[in-house]
Amino acid sequence: MNKNKIYNLNNPNGPSYSCHITYSSFSESSLAILNLDNFIFENHIIKASFGTTKYYSNFLYGNNCNNKDCLYLHYFSDVKDIILLIKMILIIIKQYLKINILKQLN
Ligand SMILES: [Zn+2]
């Protein structure tokens, strides 16, 4: 859990924190998300979703990684699971505009 970055500090229900969990398979992570998303724990709602990861940069140049705790990818992912950075930026801009246009309409 990352307690260095606090979200919604002024929320009357208390602040939010984030954590990242890496599973060994797509099915494990899917089951975890299905079971955890919107789960209530001690009066707090747990939100779960898929995240993103990056390739270990030296892997792309054919080098090995010696960090046993490394969280970056060391194998080529399925093409359907890859999202380009520019596409992510466009999705974020679209969400930002959608939220702010709705705010102006209300
Ligand atoms: Zn690595």
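Glutamate 42 is an exposed residue, because only 5 other C-beta atoms lie within 10 Å of its own, and exposure is called at 12 or fewer. The place of this glutamate 42 is the loop that runs between strand β3 and strand β4, the latter made of residues 44-46. Although glutamate 42 is not a glycine, its phi is positive, at about 50°. Most residues other than glycine have a negative phi.

The model in which this loop sits is a predicted one. Its mean pLDDT is 87, and 98% of the residues reach 70 or more. Among the elements, strand β1, which covers residues 2-7, has the lowest mean pLDDT, at 79, whereas β3 has the highest, at 93. Where pLDDT is low, the predicted coordinates should not be read in detail.

From this loop one can step back to the whole chain. The protein holds 3 helices and 4 strands, and from the N terminus on these elements follow one another in the order β-β-α-β-β-α-α. The protein is more spread out than a compact globule, because its radius of gyration is 18 Å, well over the 13 Å that the globule rule gives for 106 residues. Along its principal axes, the C-alpha trace spans about 50 × 35 × 30 Å. Buried residues make up 0% of the 106 residues, where a residue would need 20 or more other C-beta atoms within 10 Å to be called buried. Of the contacts between residues at least 6 apart in sequence, 6% join residues that are at least 24 apart.

The loop between β2, which covers residues 16-18, and helix α1 is where histidine 20 lies, and cysteine 19 has its place in the loop between β2 and α1 as well. Cysteine 19 is exposed because 8 other C-beta atoms lie within 10 Å, and histidine 20 is exposed because the corresponding number for it is 10. What is the distance in space between cysteine 19 and lysine 3, C-alpha to C-alpha? Cysteine 19 and lysine 3 are 8.8 Å apart by that reckoning, with their positions 16 residues apart in sequence. For histidine 20 and asparagine 35, which are 15 residues apart along the chain, the C-alpha atoms are separated by 16 Å.

Helix α1 itself takes in residues 26-36 and is hardly covered, since the count of buried residues among its 11 residues is 0. After α1 comes asparagine 38, with a positive phi near 70°. This asparagine 38 has its place in the loop between α1 and β3, the strand of residues 39-41, and its phi of about 70° is positive although asparagine 38 is not a glycine. Is asparagine 38 buried or exposed? Asparagine 38 counts as exposed, because it has 8 C-beta neighbours inside 10 Å.

Past β3 and the loop that holds glutamate 42, the chain enters strand β4, in which isoleucine 45 is found. Isoleucine 45 has 11 other C-beta atoms within 10 Å and is therefore exposed. When residues up to four places away in sequence are not counted, isoleucine 45 touches Asn38 and Ile40. The C-alpha atoms of isoleucine 45 and isoleucine 33, which are 12 residues apart along the chain, are separated by 13 Å.

The description ends with helix α3, which takes in residues 85-105. This helix α3 has 21 residues and reaches 30 Å from its first C-alpha to its last, close to the 30 Å expected at 1.5 Å a residue. Helix α3 is hardly covered, with a count of 0 buried residues among its 21, and the count of buried residues in α1 is likewise 0.

How values were computed:
Residues numbered from 1 in each chain as written. Predicted model: local features only at pLDDT ≥ 70, side-chain atom pairs only at ≥ 80, totals over all residues. Helix = DSSP H or I, 4+ residues; strand = E, 2+ residues; numbered from the N terminus. Rg over C-alpha atoms; globule rule 2.2 N^0.38 Å. Contact = placed C-beta atoms within 7 Å. Expected span 1.5 Å × (residues − 1). pLDDT = per-residue confidence, 0-100.
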